[in-house]
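Me: I'm about to look at a structure I haven't seen before, and I'd like to talk it through with you. Could you put it up here?

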Amino acid sequence: MILLDQLEAQLEVLNAKSLRRRRRTADTACAPRVTVDGNPVLAFCSNDYLGLAAHPKIISALQQGASLYGVGSGASHLISGHSRAHAILEERLADFMAPHIDACRALYFCTGYMANLAVLCGLAAVSGRATEIFSESLNHASLIDGAKLSRAQVHVYPHGQVQALQSLLEASTAATKIVVTDSVFSMDGDLAPLAAILALCEQHNAWLVIDDAHGFGALGEHGRGVLEHFNLRSPNLVYMGTLGKAAGVGGAFVAAHATVIDWLVQKARPYIYTTAAPPALAHALLTSLDIIGGAEGHARRLHLQELIAQVRGDLRLQRWTLMPSTTAVQPIIIGDNAESMRAAASLYEQGIWVPAIRPPTVPDGTARLRITLSAAHTHDDVACLLDAVNTLEARA
Ligand SMILES: *Cc1c(COP(=O)(O)O)cnc(C)c1O
């Protein structure tokens, strides 16, 4: 059939460029030691930064949540799907982020992808096409898609270049200006210069939308993410944190001034036209938040910092380069797609699972091994990884 032939030809093109993606199937819970396609491996690829994805207390809370609220929400939030569990979680999230946001309220979403679509579409809807979005060049795909869906005019500024952003803002006469950036760049692990960006936003009367998918729970004294890390507070801030990474469960939230949240509930189609997440997840997230904000979360963040220092101290690379990252995302740039694939395959044969990341997820010529660390890893786990990588690079 001609339509299938077209697809097969395109898939062959991907194959030839070492760009064909495949999924591995995990047979066990997300943890450093996981069974994948039947094989036990040591994994460095999840975003479970605090090691909460299989935490016994959160598992119990999810079970309890299912007993209390059932498994499905039954409808969208604006029809009948908004449960007491969602409402309590939103209050808790708002209280948690209140040190950084005036009149803070929170809105819970099924995924971070949807939260990003909702925030950009919702804020842009105030001025329609007279909105301009200023988007950092390495932003996550969901922000790029959200900007497209918003139909605003989009300006992309180069990675980390506050000067370039300033010039764009100075030249803009848009009725609504939205600057949007990842806080921790997911493929590089570096941090956006948020204090400088926020100052510009205040000066130019622009919203600053921060996607803290990799910071919430993992950064800051209490796990309040990048706002706490950089000690930021401003009425211009719209904060998006995900709950499927460090928080270990799933979903995401937007925290902002109560008026912003009210507006999103009225206007953000990706919030309005979808079934509310299972309330049991919201219930389980209360326990996750208790852990993140308490002594256990603190201890887990400290351990994670030690593991990061171990990677940075003990890798001995000649040709490959460890990127300058202080976060749990520690990428090693190899460059060539096929060589990156071979490196990942060789590690996997040794029982170590580190994903190779290729274009289009990263720019051409910057294929890499992307190590992600979790507080559930031990120093021995990391030593095992570093030995394998050091030996592999010396031989390659
Ligand atoms: C993971 C991620 C998202 C999407 O969040 P989900 O809850 O997985 O949909 C958004 N932004 C960034 C930077 C991410 O890394």
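Reply: What follows is a short conversation about the overall build of the chain, its domains and its pockets.

Me: Before we start, what kind of model is this?

Reply: This is a predicted model, and the values below are computed from it.

Me: OK, how many helices and strands does the chain have?

Reply: The secondary structure of the chain comes to 15 helices and 14 strands.

Me: And what radius of gyration does the chain have, set against a compact globule?

Reply: The chain has a radius of gyration of 21 Å, and this agrees with the value near 21 Å that a compact globule of 396 residues would have. Taken along the principal axes, the box filled by the C-alpha atoms is roughly 60 × 55 × 55 Å.

Me: What percentage of the residues is buried?

Reply: Of the 396 residues in the chain, 54% are buried. As for contacts with a separation of 6 or more, 71% of them are between residues 24 or more positions apart.

Me: Which domains does the assignment give?

Reply: The assignment gives domain 1, made of 20-49 + 295-395, and domain 2, which covers 58-293. Their C-alpha centres lie 27 Å apart, and the contact between them takes 19 residues from domain 1 and 20 residues from domain 2.

Me: Switching to pockets, what volume does the largest one have?

Reply: The largest pocket has a volume of about 840 Å³. It is lined by 30 residues, and the closest to its centre are Arg22, Arg24, Cys45, Trp353 and Pro355.

Me: Which elements give two or more residues to that lining?

Reply: Those elements are α14 (337-349) and β13 (356-357), with α14 providing the largest share, 4 residues.

Me: How does the lining of the largest pocket split by class?

Reply: There are 18 nonpolar residues in the lining of the largest pocket, together with 5 polar and 7 charged ones.

Me: Now the second largest pocket: what is its volume, roughly?

Reply: The second largest pocket has a volume of about 490 Å³. Its lining consists of 22 residues, and those nearest the centre are His140, Ala141, Ser186, Met187 and Thr361. By class, that lining has 11 nonpolar, 7 polar and 4 charged residues.

Me: Where does the lining of the second largest pocket come from, in terms of domains?

Reply: Both domain 1 and domain 2 contribute, since the lining of the second largest pocket draws at least three residues from each of them.

Technical notes:
Residues numbered from 1 in each chain as written. Predicted model: local features only at pLDDT ≥ 70, side-chain atom pairs only at ≥ 80, totals over all residues. Heavy atoms only, no water. 1 Å grid on protein atoms, 1.4 Å probe; cavity = no way out; pocket = protein on both sides within 12 Å on 5 of 7 lines; lining within 4 Å. Points joined across faces, edges and corners; volume = space filled by probe spheres on them. Nonpolar A, V, L, I, M, F, W, Y, C, P; charged D, E, K, R; others polar. Domains from an automatic or database assignment. Rg over C-alpha atoms; globule rule 2.2 N^0.38 Å. Buried < 20%, exposed > 50% of the residue type's maximum accessible area, 1.4 Å probe, protein only. Contact = heavy atoms within 4.5 Å.
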